[in-house]
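User: I'm new to reading protein models and would like a close look at a single part. Could you pick a helix and the sheet under it, and walk me through them slowly?

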Amino acid sequence: MSSHGVHLHVHDRYVVMDNGILQVTLSKPGGIITGIKYNGIDNVLEVRNKETNRGYWDLHWNEPGGKGIFDVISGVTFRVIVETEEQVEISFLRTWDPSLEGKYIPLNIDKRFIMLRGSSGVYSYGIYEHLKDWPGFELGETRIAFKLRKDKFHYMAVADDRKRIMPFPDDLCKGRCQTLDYQEASLLTAPCDPRLQGEVDDKYQYSCENKDLRVHGWISFDPPVGFWQITPSNEFRSGGPLKQNLTSHVGPTTLAVFHSTHYAGKTMMPRFEHGEPWKKVYGPVFIYLNSTANGDDPLCLWDDAKIKMMAEVERWPYSFVASDDYPKSEERGTARGRLLIRDRFINNDLISARGAYVGLAPPGDSGSWQIECKGYQFWAIADEAGYFSIGNVRPGDYNLYAWVPGFIGDYQNGTTVTVTSGCMIEMGDIVYEPPRDGPTLWEIGIPDRKASEFFIPDPDPTLVNRVLVHHQDRFRQYGLWKRYTDMYPNDDLVYTIGVSDYRRDWFFAHVPRKKGDVHEGTTWQIRFNLENIDQKANYKLRVAIASATLAELQIRINDAEAIRPLFTTGLIGRDNSIARHGIHGVYMLYEVNIPGNRLVQGDNTIFLKQPRCNGPFQGIMYDYIRLEGPP
């Protein structure tokens, strides 16, 4: 590392930050990153692209009821915030006024960039502010995007088991590929690298849950250089720890996604009203560059990036950020306690909520955290005894939320938790009573908010991404929804309690069947035997849904042809998780009362019908189903 101090060079149209390790050039006053010089590479960004298409903040928004507008955020005012040999922080501000209505999103946006002495990278964060008197809008997405040199960066790493040589962007052009069922998915028919012949490329195969999305990026082999996007905290990301976002993909492109509607749909799109003040800080995130000596294995740069990511996580919250809108460590608070579970049908004693996800998020309803996107969220995982400590919480008002792997439902404490600067809130013992009316008669699956435990078929052998073969996330292979028709060309799935095994007999997605050029709704059966039925009592069917896309679940008991179902969800879900290779989206839990007189002594059948069939991706992924007897 260089002992060179940080220097700022301000020119008419550009600003250059230089610490002797790397030089970062930004347009002035736009604040678009036009160049990053590092380790003998004059610019790691794609020099063939326009300067506005190399390293930039962007967003997608619309006026209420209006069309979507894509906006590369360009500043209009440049300011130096901090300039010392230890640190430079610069600002590129775009302010809004009524003359810009309809053209730009009604926000003041302040993009900040920070370079430190001896640091092999650059930090960036943004301050978004909506004033009370400004018009309303909806925000679909905001992020930072980097387009790297395609002649240098060919190897991508998202996780230890998702890293590989990637196709060239030219491979996705006409003549070199076949577009599949949607434009993001391509079959490589004549790739520049013949080793990739016959593989599928789809950027959604590299999506990741927020809780695991800490570092990803690219490696150049000549010279051996890595480019990495590190996100040290999830506090500013929308949707909590399980929200899935894009990472890196063919381009070579690397993204820092702060907010998106992917895997959730319009429920994830915040609407800001006229008269609603709002301010939020996105980031900082860290753009890290590393290198190794010629002769060393360039793939070790991924291991180094993971080590650097862990160091950045330990440093959070950063002490060097200049904005007063970003509270330092001593200005934040902590909440701690113990979560226990009461389920007398499992154990008369309280049960430790080990492994529970416990979080502070803006006040709302049970489970609202998974679509919350205006405020901040802070999460911890409970230890073996159920103890949790949620640290580095920004001052503000929150509710406490939790969910526990192995148990259905969401915990929410409606009491407002007010976090103040430097506080330590002792929450004591908290008891969660998961939904239950009676003993379990039978169950299908594992209540973990995902469908990954169910049967996931092998992909069509002509539509494979080889990095996902024998992968724990094999559900990310392309086209698995089509395999249902292959397996059940005429009759639908039948699951027999006590005989069937959900790991091999319950297809991971309840999707339509393709018949010729059209699709048809499908009806699954659960067959089970009951003795000693209480005709006067109610039985309870609980259906936890991991994801739904423009779907409907109709439930009938012992009569598949009944005109009116006993229960219907109506039209639900816009997750699009089936098409985008997610194994979950927005979690939903339904309970269905089954009068005892609807059941018969001996063999019974529950019919699960998904009638919506305008396309192949309409469907449901179940998390868990349970039938309970009378109390």
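Analyst: Here is a walk through one sheet and the helix that lies across it. A quick heads-up: this is a predicted model, where local features need pLDDT of at least 70, side-chain atom pairs count only at pLDDT 80 or more, and totals for chains, interfaces and linings use all residues. Residues are numbered from 1 along each chain as its sequence is written, and side-chain values use heavy atoms, with hydrogens and water left out.

Let's start with the sheet. It is open and made of 9 strands, in the order β7-β8-β9-β10-β24-β19-β18-β12-β13, with antiparallel pairing. Helices (H or I, at least four residues) and strands (E, at least two) are DSSP runs, numbered from the N terminus, and two strands count as paired if DSSP finds at least two bridges between them. At the edges stand β7 (77-83) and β13 (162-165); each has a single partner strand, so one side of each is left without a neighbour in the sheet. On average, neighbouring strands here are turned by 15 degrees against each other, direction ignored. (Axes are lines fitted to C-alpha atoms, for helices over the stretch in contact, and angles run from 0 to 180 degrees between N-to-C directions.)

Zoom in on the β13 edge. Strand β12 (residues 153-159) pairs with β13 in the antiparallel sense over 4 bridges, and M156 has R164 in β13 as its bridge partner.

Now for the helix. α1 (residues 300-315) lies across β9 (108-116), β10 (121-130), β12, β13, β18 (215-221), β19 (224-230) and β24 (278-291), and runs at about 35 degrees to β19. With 16 residues, α1 reaches 23 Å from its first C-alpha to its last, close to the 22 Å expected at 1.5 Å a residue; that expected span is 1.5 Å times one less than the number of residues.

Which residues of α1 are tucked away? L301, W302, A305, K306, M309 and E312 are buried, where buried means under 20% relative accessible area, exposed over 50%, and partly exposed in between (1.4 Å probe, protein chains only). Seen down the axis of α1, the buried residues fall within an arc of 145 degrees, so they line one face of the helix; the arc is taken from the directions from the helix axis to the C-beta atoms. What covers them includes β10, β12, β13, β18, β19 and β24, with contact meaning heavy atoms within 4.5 Å. On the other side of α1, I307 and E314 are exposed.
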